[in-house]
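Please read this report alongside the sequence and the model. The sections take up a sheet first and then helices.

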Amino acid sequence: MWFFARDPVRDFPFELSPDPPEGGPPGPWVLHRGRKKATGSPVSIFVYDVKPGADEQTQVAKAAFKRLKTLRHPNILAYIDGLETDKCLHVVTEAVTPLKMYLKERAEAGGLKELELSWGLHQIVKALSFLVNDCSLIHNNVCMAAVFVDRAGEWKLGGLDYMYSSQGNGGGPPRKGVPELEQYDPPELADGSGRAVREKWSADMWRLGCLIWEVFNGPLPRAAALRNPGKIPKSLVPHYCELVGANPKVRPNPARFLQNCRAPGGFMNNRFVETNLFLEEIQIKEPAEKQKFFQELSKSLDSFPEDFCRHKVLPQLLTAFEFGSAGAVVLTPLFKVGKFLNAEEYQQKIIPVVVKMFSSTDRAMRIRLLQQMEQFIQYLDEPTVNTQIFPHVVHGFLDTNPAIREQTVKSMLLLAPKLNEANLNVELMKHFARLQAKDEQGPIRCNTTVCLGKIGSYLSASTRHRVLTSAFSRATKDPFAPSRVAGVLGFAATHNLYSMNDCAHKILPVLCGLTVDPEKSVRDQAFKAIRSFLSKLESVSEDPTQLAEVEKDVHAASSPGMGGGAASWAGWAVTGVSSLTSKLIRTHPAAAPAETNVPQRPTPEGLPAPAPTPVPAAPTSPGHWETQEEGTDTAEDSSAADRWDDEDWGSLEEAESVLAQQEDWSPGGQASRAGQTSNLAAKSPESDWSSWEAEGSWEQGWQEPSPSEPPPEGTRLASEYNWGGPEPGDKGDPFAVLSARREAGAQLRPDSWGDDNWEGLETESRQGKAELARKKREERRREMEAKRAEKKAAKGPMKLGTRKLD
């Protein structure tokens, strides 16, 4: 039976890269790129080939192998694995690049910043301090060739071939026999007598001075060149001169050299070094210290090297979120570092963290995520958005904090293109309807309208037909003036999504009503929009063949490019939605001011004047939006769309907040609301569009009811007459029974646009019916009490101790 010897090199779990070697320290070692066979992760492999007759050199290589394997320090080259055979030595370390090659590559790309050099030298000096002070070892080979740089830009000390103990055990320093290395030896070593008095670190600190000179000035031609500092920074020159002084006794200990350079105004006293030192000790820092550090980190990241941010800061941020209590403060620096990642790295490292953050109940975390969404939305795929992001985001619509609601509305601008049919056309519309109708903050109602117009092109054709006209029309009846402007501009930006019939019968009547609005800004936009729509209708009237072209987008499928004002909405969307409640959050007025001087309609005769009521938080009058014509070259048309960008949406912050009202779904509550909403119809009797605002039911959805002819002026409703019966205080109107039945059949649901009644509840007839229904109930209650009193009197008082027999 034959036995074949196994090849240890072939079985080694690491393999060399086919690329040519990168060199290595002067001597027998050759540096190769490599990778781990199992995972493909990059490594560096130092290879030494055993040659006959080179026993002394082989012993030095084996000693370096042993030293590197046993020494563990963050600033010393990290050992991973090794292989020792009769023919070769393989030492596997973390993936590194020789410092000389690294400096050359960075010089071609613009050069290293002084911050990077200060931290790199800090690491080498710290490694020397560890060897000398903690391990009593002399490196004996500090030079450019013994320093390596990892992918994060961290400098690592290697080249341990000629290391020896400072305590004398194990013999003296090994002979180098390499002329390139002997030029870094201090002058006292040339004195063969050895009478020079020196410290154990003196020789290594001289070599450190040579390394500093080479870092700033290039290769050292001869020892005499050290007298000229050259390009060494002025803050480092005094400490450099101590290192290359002729007297070895005055050369500082590595620890003292670090202390001197870290003094105020020193070369290593900067934000970059402080950040690195904190990251090295972050595991033992107090939570309050970590919070402060992460809060200040974002300001400094712009000046830090990209590799450092990707490979050192990012892992610490992910660890702090996963296992620490850093919370929302890590988000800003996390997304800032994420800009340095490619799409694949972002998906692997950032997106899983983001998805997990959205499920957090921490309000600070949620609002930071919403504010920063623009930085990561492009990396989210549609399934992730619909199943893991959107279900958590929609909770913000119901949050009691106005800032959360505001940022949730803003985020829909970014999420809408990725939402599926159910989430976009049903769920989102339901929340938008509730916000526009009932939110207590005027700016949030305004920007809900703004957001709806922005995402209108993404909606399905049926949803657009059912939602847009009614929603924008409702906005034009809002007591908050910017909301009315938003309604008009919403019509303008989505002008190509309406049929000519809707423009003539639904949109223009609403816009005409705004021509007498108390606010001039509303009137100005209304006139521009009217001219735009009239021009559009006139062009079709002159040439009916244009109808198909003008209405091509009305029934088209949802598309982001259909919005006629899409280009001009982009700038507006940022200024219109951001920071709209910053002031409202800080101040909560105790009383709701009148947002607009809205003229009130006269109270119909025969009904008591309604009690003064605060203006409701949100209008319940009908809504309709639209304006601006596609393809029209008139100045008014273009200015109507451009107005989105010119509008001073920052002024929304100056609006005072409105108190939220408690919802009363009893018939009496409906009557009360009817009285309140009557004050919201910003219309004078001369321009009364009540016939256009014909009452609809929630079951009618978004369809507009057919208008009816208004009654002649002075005509009173049948329910308002006293038909010879008792006074209203004694007996209710018999016609009120029918009114009550109709009201009971049309029960409202305030959280659904699909079922929501966007038509007004403030007309005079509804107010009279509700009042009479309340009186009818009061009369019925008194009759029941009287009957109970009669029965009780007929039975008489019951006697104690007696039993009532059948």
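## The sheet and its central pairing

Asp81 stands opposite Val92 in strand 5, where strands are DSSP E runs of at least two residues and helices are H or I runs of at least four, both numbered from the N terminus. This is a predicted model, in which local features need pLDDT of at least 70 and side-chain atom pairs count only at pLDDT 80 or more, while totals for chains, interfaces and linings use all residues. Residues are numbered from 1 along each chain as its sequence is written, and side-chain values use heavy atoms, with hydrogens and water left out.

Strand 4 (residues 79-84) pairs with strand 5 in the antiparallel sense over five bridges, pairing being accepted if DSSP finds at least two bridges between two strands. Strand 4 and strand 5 form a hairpin, with three residues between them. Strand 3 (residues 42-49) also runs antiparallel to strand 5, and seven bridges join the two; among the bridge partners, Val43 is matched with Glu94 of strand 5, and Ser44 with Thr93 of strand 5.

These pairings belong to an open sheet of five strands in the order 1-2-3-5-4, with antiparallel pairing. Strand 1 (14-16) and strand 4 stand at the edges with a single partner strand each, so one side of each is left without a neighbour in the sheet. On average, neighbouring strands of this sheet are turned by 30 degrees against each other, direction ignored.

## Burial of strand 5

Strand 5 (residues 88-94) is largely enclosed by the rest of the structure, because seven of its seven residues are buried, that is, under 20% relative accessible area with a 1.4 Å probe and protein chains only.

## Helix 14 and its cover

Helix 14 (residues 351-358) is likewise largely enclosed by the rest of the structure, since six of its eight residues are buried; these are Ile351, Val353, Val354, Val355, Met357 and Phe358. What covers the buried residues of helix 14 includes helix 11, helix 12 (331-338), helix 13 (343-349), helix 15 (363-371) and helix 16 (382-393).

## Helix 9 against helix 11

Helix 9 (residues 271-280) and helix 11 (residues 306-323) pack at an angle of about 40 degrees, with their axes 10 Å apart; axes are lines fitted to C-alpha atoms, for helices over the stretch in contact, and angles run from 0 to 180 degrees between N-to-C directions. The contact (heavy atoms within 4.5 Å) is made by Phe272, Thr275, Asn276, Leu279 and Glu280 of helix 9 and by Phe308, Lys312, Val313 and Gln316 of helix 11.

Technical notes
Buried < 20%, exposed > 50% of the residue type's maximum accessible area, 1.4 Å probe, protein only.
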